[in-house]
Amino acid sequence: MKADVLLGLQWGDEGKGKVVDYLAPDYDIIARFQGGPNAGHTLEFGDVKHVLHQIPSGIFREGVLNVIGNGVVLDPVVFRKEIEDLEKYGIEFKNRLYISLKAQLILPTHKYLDAAIEKYKGDQKIGSTLRGIGPAYQDKVGRFGIKVGDVLEEDFKKKVNEIMEQHKKLVSFYGGDFEGFEEKLKVFFDCIEYLKTFNLTETAIFLNREMDNGKSVLAEGAQGSLLDVDFGSYPYVTSSNTITPGACIGLGIAPGRIGKVFGVFKAYCTRVGEGPFPTELFDDVGKDIAKIGHEFGATTGRPRRVGWLDLPALRYAVMLNGVTDLYMMKADVLDSFEEIRVCNEYNLKSGGKTADFPNNLSVIDSAQYHLIKGWNSTLDEKCFDNGLPQSLEDYISYIEEQTGIAIKMVSFGPKRKQTILR
Ligand code: GDP
Ligand code: IMO
Ligand code: MG
């Protein structure tokens, strides 16, 4: 069997969690391949809303196995909290969760460093989630990192303390503080003991063997393509490869074993944190979209910036990822708008135009828009019988034509049932 990949095509928060949970019954294994607790994937069913940060979004589907791959940076403190929250719902997960021995650990000092570096950068700050992601990946690439597998070694504490001494010097250099450090350190080591009680294993071997035996895998991306460390709006990006090849690296699955690539995008755009955003809205329309869409970060609670759908950016993401199927989320949020705009080109400061996503977004003067009449009706269960409103079909056709990829799913609410397959 091949592994399918599901990932975000914008700046994160596209609705990946909802879709993974929706699709999970069709798969044997759901695997996270990059990122860490900077992610916030929301799942809503029954009367409850769950936000997952590190646990794959297949955890609520009975019998589905879940893998935290080698490409992930794992915070054992956030991990224990997430597991304890899941326990409240009586979910059996311990035998269904596998964690890579090669995943990197986020240490308490990584979070202090994240905060100190952001402070040091001043108005150049990234708007990081302050979860220690950047410093943890920096240590991985710098070959200082501590892996999950190291927790089983005798010299684990010694190694952690050594690297933390280095971090402390760096935090001081960047002018940061250590408020509450001793307590956090104690909790960290407690959480490491807890982590040791889980299935810590060679997930690459496990996944490939399961696939050899006919088991199906869905790789769950975190963040979005425009936050990719190589291809995103650098330096305003996260520190991992969020695109399809990231799933190969972050799980140990060879490129030839990748099957379908499901690209998830909102019917409009959002971004949380700093960085360029060509279609950003600063007017009442933007405020209305943010309000109707409840656009607040699932991890930090920060308000998300809002704008119209950006096709040059979407085409770029489709290209980088090799998207086979597009999934449009939050179409319902646009129900009440008279007119919907979609950017098809950028006007450049130099006078010309481009339909490509530029290397440096500061060359863009403004976005040029194609207008679509709003559907002015409520998307609900009636659409299962009556079909989608014509204006929404027009919007979908325009996006399909512009990207060359079919939109196979339209989501009109956060719940599992609020999903139309096309
Ligand atoms: P993720 O990080 O990609 O998993 O997305 P988030 O969970 O951060 O943000 C998506 C938000 O939109 C969550 O609050 C979801 O419950 C919600 N959501 C998902 N799909 C839909 C939809 O089709 N319509 C509406 N109104 N909300 C949705
Ligand atoms: P999910 O998986 C939206 C953003 C941060 C910041 C930048 C770098 O829920 O879609 P980091 O903490 O990674 O160093 O922050 O990336 N960011 C996200 N934005 N959704 C996410 O994850 C994000 N994870 C990081 O706001 O701008
Ligand atoms: Mg999110």
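How do the residues of the lining of the second largest pocket divide into nonpolar, polar and charged? Let's work through this and a few related exercises on this predicted model.

**Exercise 1. Describe the lining of the second largest pocket.**

Solution.
- Step 1: Begin with the lining, which has 27 residues. Those nearest the pocket's centre are Thr 42, Glu 44, Gly 293, Lys 330 and Pro 414.
- Step 2: Sort the lining by class. Seven of its residues are nonpolar, 10 are polar and 10 are charged.
- Step 3: Look for the elements behind the lining. Helix 1 and strand 3 each give at least two residues.
- Step 4: Add the space inside, which is about 580 Å³.

**Exercise 2. Place ligand 1 and describe its surroundings.**

Solution.
- Step 1: Find the site. Ligand 1 sits in the second largest pocket.
- Step 2: See which elements give two or more residues to the shell around the ligand. They are helix 1, spanning 16–23, and strand 3, spanning 41–45.
- Step 3: Take the residues that surround ligand 1, counting those with a heavy atom within 4 Å of it. There are 20, and the closest are Gly 15, Lys 16, Thr 42, Asp 332 and Ser 411.
- Step 4: Class the shell. Eight residues are charged, seven are polar and five are nonpolar.

**Exercise 3. Find side chains with a polar atom close enough to an oxygen atom of ligand 1 for a polar contact, and state how far the protein covers the ligand.**

Solution.
- Step 1: Set the cut-off, which is a pair of N or O atoms within 3.5 Å.
- Step 2: Check Thr 42, where a polar side-chain atom is 2.5 Å from a ligand oxygen.
- Step 3: Check Asp 13, whose polar side-chain atom lies 2.9 Å from an oxygen of ligand 1.
- Step 4: Check Arg 304, with a distance of 3.1 Å between a polar side-chain atom and a ligand oxygen.
- Step 5: Turn to cover. On its own, ligand 1 has 580 Å² of accessible area, and the protein covers 93% of that.

**Exercise 4. Build the same kind of picture for the largest pocket.**

Solution.
- Step 1: Note its volume, about 1,100 Å³.
- Step 2: Describe the lining of 50 residues, where Ile 133, Val 237, Thr 238, Ser 239 and Ser 240 lie nearest the centre.
- Step 3: Name the elements that give two or more residues: helix 3 (108–121), helix 4 (133–141) and helix 8 (244–251). Helix 4 provides the largest share, with seven residues.
- Step 4: Class the lining, which holds 22 polar, 19 nonpolar and nine charged residues.

Definitions and conventions. Residues are numbered from 1 along each chain as its sequence is written. Chains are lettered from A and ligands numbered from 1 in the order in which they are written. This is a predicted model: local features need pLDDT of at least 70, side-chain atom pairs count only at pLDDT 80 or more; totals for chains, interfaces and linings use all residues. Side-chain values use heavy atoms; hydrogens and water are left out. A polar contact is a pair of N or O atoms within 3.5 Å; within protein, one must be able to donate a hydrogen and the other to accept it, and residues adjacent in sequence count only if both atoms are side-chain atoms. Accessible areas come from the Shrake-Rupley method with a 1.4 Å probe; for residues, only the protein chains shown count as cover. On a 1 Å grid over the protein atoms alone, a cavity is a set of points where a 1.4 Å probe fits but cannot get out, and a pocket is an open set with protein on both sides within 12 Å along at least five of seven lines; lining residues have an atom within 4 Å of a point. A molecule sits in a cavity or pocket if more than half of its atoms lie within 2 Å of its grid points. Helices (H or I, at least four residues) and strands (E, at least two) are DSSP runs, numbered from the N terminus. Ala, Val, Leu, Ile, Met, Phe, Trp, Tyr, Cys and Pro count as nonpolar, Asp, Glu, Lys and Arg as charged, and the others, Gly among them, as polar. Grid points are joined across faces, edges and corners, and a volume is the space filled by probe spheres set on the points.
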